[in-house]
Amino acid sequence: MKIIKSLLISLFVIGTTVFGFEGEKKWTTVATYDNEIADGVILNEKYSGGHPKILDYVFVRTRTANLREQPNTKSKIIRKFNYDTKLIALEKIYDYGNYWYKVKATTGEEGYISSSVVRKRMFRFEKALDKIKELEKFIATEMDEGREIVSTNSYVPNPNNVNFKREKDKYGTSLDQNIVGYYGEERIFVPDRSILSILEKGKTTSKVKVASIKEPLVIENKRISRNPKISRDFRKVIAIDIENQNMIVFEKNNDIWEVVSYVYSKTGIESELGFETPKGFFIAPMAKYIMPYNSEIGEKQGYARYAIRFSGGGYLHGTPINYEEETNREFFMRAKEKTLGTFTGTRKCIRTTEPHAKYLFEWMVKNPNKSRNEQVPSENVMFVIF
C-alpha cells in the first residue's frame, strides 16, 4: 500500500503537462527556448568586442527575485537575484492562473522564477530579416513603377529642450521634430528621415507613400530630402527591436544578408526631456564623433561618442557620460551598460556600448574628415525599427 501511495504522489510527465497525486494537473509548459540563433540566419561576426551569450532571457524587474525549486511560492528558495540580473530562459510554465519561467543562472543553477518579477527578452533575427525584406520590396516596387525614393527632413535642433510638441496621432507617433501628413482631413505624423516614394508631385505639396505607413499622404515639398540619395542596392542595415531592447546589424554580401553584430541596447521613453524611439524605416544622414547634450534647464550636462543620427534628434550612440561622472568614468560606464537589454530609458536615442558605437561609426564612415565633428556616410545605412 505504501508503494502504491508513493507512486501516486510522485510526479510524472505526459506531453508538456506535469501531473501529481491521483492525476491532479500541476503545471503546463507553454513555451520552450533554446538560446540559439536560427539555422536560416547567416552569421558573419565582424565586431571584435564580443556578443551576448544569453539570447533568450528574463531580467529581474524588482529589487530582488526568488529562484525556486518548483513553480510555486511554497517551494524552496534556491537563490535570490538582484534587480536587472539576466537569466537564461529555458521554459515558460502555466500553473493555476500563474506564469513562471524555468531559468538557468550564469553560475549554473536551474529553477523557477515568477513572471511577475521578471520580464522576457529575446533576439528576433528572423523578424529583423523580414523587416529588411519589406523595405527592399518597397523600394524595388516603387522604383519599378518609376517613382522617386526620397526621405523626409524635418529636424530642428532643440538643445534647450523647450516647447516640445507632444501631440500624438492614431499610431502613437509624436509630432515633435516630425511633419504632418494629410490623409484627407486626417493628420498622420511622419518621423524625420522616414523613407518614402513620391506618387504625385505638386507645386508646393506632393502625394507620397511612406514605407512604414499604410495610408498615402500629402506632405509639403520643402520637407522632402534627396540627400542621401537612396539606392535599391543598399547593403547596410541596423535593425532595432524596441520590444526586446536589442539591435542586430546586417550587411549584404553576395546577395545574402549576414549578421555582422548583435548586442543589447536601450531605446527612448516618454519623459520630461524625451520621447519614445519612433518605429519605421529610416536612412541615416550623418554621424558625429561627439554628441553633447543639455539638462532640463538648458545647461551643458554631458556627451556621448560615435553618434549616428537616424530620426530628428534621435541618435544611435555610445554610453552617455555626464561631466561630473568623468572622474569615475569606467564605474559609471559599467553601471549604465548593465541596463542595456532591459528597460527603455533614453530621451529618444538608441544606446549601445562605446566600443560598439565606434565600430558602427567606422563601418558607416569609411573616409572621415577628422578636422570636423560631423561626418557623411560612405553609403546608405538604413535603420529598421520595429
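What follows is a conversation between a biologist and a modeller about the structure above.

Biologist: What kind of model is this, and what limits apply to its values?

Modeller: This is a predicted model, in which local features need pLDDT of at least 70 and side-chain atom pairs count only at pLDDT 80 or more, while totals for chains, interfaces and linings use all residues. Residues are numbered from 1 along each chain as its sequence is written, and side-chain values use heavy atoms, with hydrogens and water left out.

Biologist: How many helices and strands are there, and what makes a run count as one?

Modeller: The protein has four helices and 29 strands. Both are DSSP runs numbered from the N terminus: a helix is H or I with at least four residues, and a strand is E with at least two. The C-alpha atoms fill a box of roughly 90 × 55 × 45 Å along the principal axes.

Biologist: How do you know that helix 2 has the span expected of a helix?

Modeller: The expected span is 1.5 Å times one less than the number of residues. Helix 2 covers residues 125–144, which is 20 residues, so it should span 28 Å; its end C-alpha atoms are 28 Å apart, and the two agree. Just after helix 2, Gly 146 takes a positive phi of about 85°.

Biologist: Why is Ser 174 called buried?

Modeller: Buried means under 20% relative accessible area, exposed means over 50%, and partly exposed lies in between, with a 1.4 Å probe and protein chains only. Ser 174 has 10% relative accessibility, so it counts as buried. Its place is in the loop between strand 12 (149–152) and strand 13 (179–183). Contact means heavy atoms within 4.5 Å; leaving aside neighbours within four places in sequence, Ser 174 is in contact with Lys 165, Glu 167, Lys 168, Phe 189, Glu 270 and Phe 275.

Biologist: Is Val 103 buried or exposed, and what does Val 103 touch?

Modeller: Val 103 has 1% relative accessibility and therefore counts as buried. Val 103 sits in strand 9 (residues 98–104). Not counting residues up to four places away in sequence, Val 103 touches ten residues that are listed by name, among them Val 58, Leu 67, Leu 87 and Ile 113. The C-alpha atoms of Val 103 and Glu 200, 97 residues apart along the chain, are separated by 55 Å.

Biologist: What makes a group of residues a nonpolar core, and which residues have the most contacts inside the largest one?

Modeller: A nonpolar core is a set of buried Ala, Val, Leu, Ile, Met, Phe, Trp, Tyr and Cys residues joined through side-chain atoms within 4.5 Å. The largest has 35 residues, and those with the most contacts inside it are Phe 125, Leu 135, Ile 195, Phe 250 and Met 382. Helix 2 gives the most to this core, with seven residues. A second, separate core of 26 residues includes Ile 238, Ile 242, Leu 316 and Val 381. In soluble globular proteins, nonpolar side chains tend to be buried together.

Biologist: Which residues of helix 2 are buried?

Modeller: The buried residues of helix 2 include Phe 125, Ala 128, Leu 129, Ile 132 and Leu 135, and also Lys 131, Glu 136 and Glu 142.

Biologist: What is the phi of Gln 245, and what is the phi of Asn 254?

Modeller: Gln 245 has a positive phi of about 55° although it is not a glycine. Asn 254 also has a positive phi of about 55° and is not a glycine. Most residues other than glycine have a negative phi, and most peptide bonds are trans. Gln 245 is in the loop between strand 19 and strand 20, and at 0% relative accessibility Gln 245 counts as buried. Asn 254 lies in the loop between strand 20 and strand 21, and its relative accessible area of 76% makes Asn 254 exposed.

Biologist: Which peptide bond is cis, and what is its omega?

Modeller: The bond from Asn 227 to Pro 228 is cis, with omega near 5°. Pro 228 is in the loop between strand 18 (224–225) and strand 19.

Biologist: Why is Asn 227 called exposed?

Modeller: Asn 227 has 58% relative accessibility, so it counts as exposed.

Biologist: Why is Val 376 called exposed?

Modeller: Val 376 has 64% relative accessibility, so it counts as exposed. Its place is in the loop between strand 28 (374–375) and strand 29.
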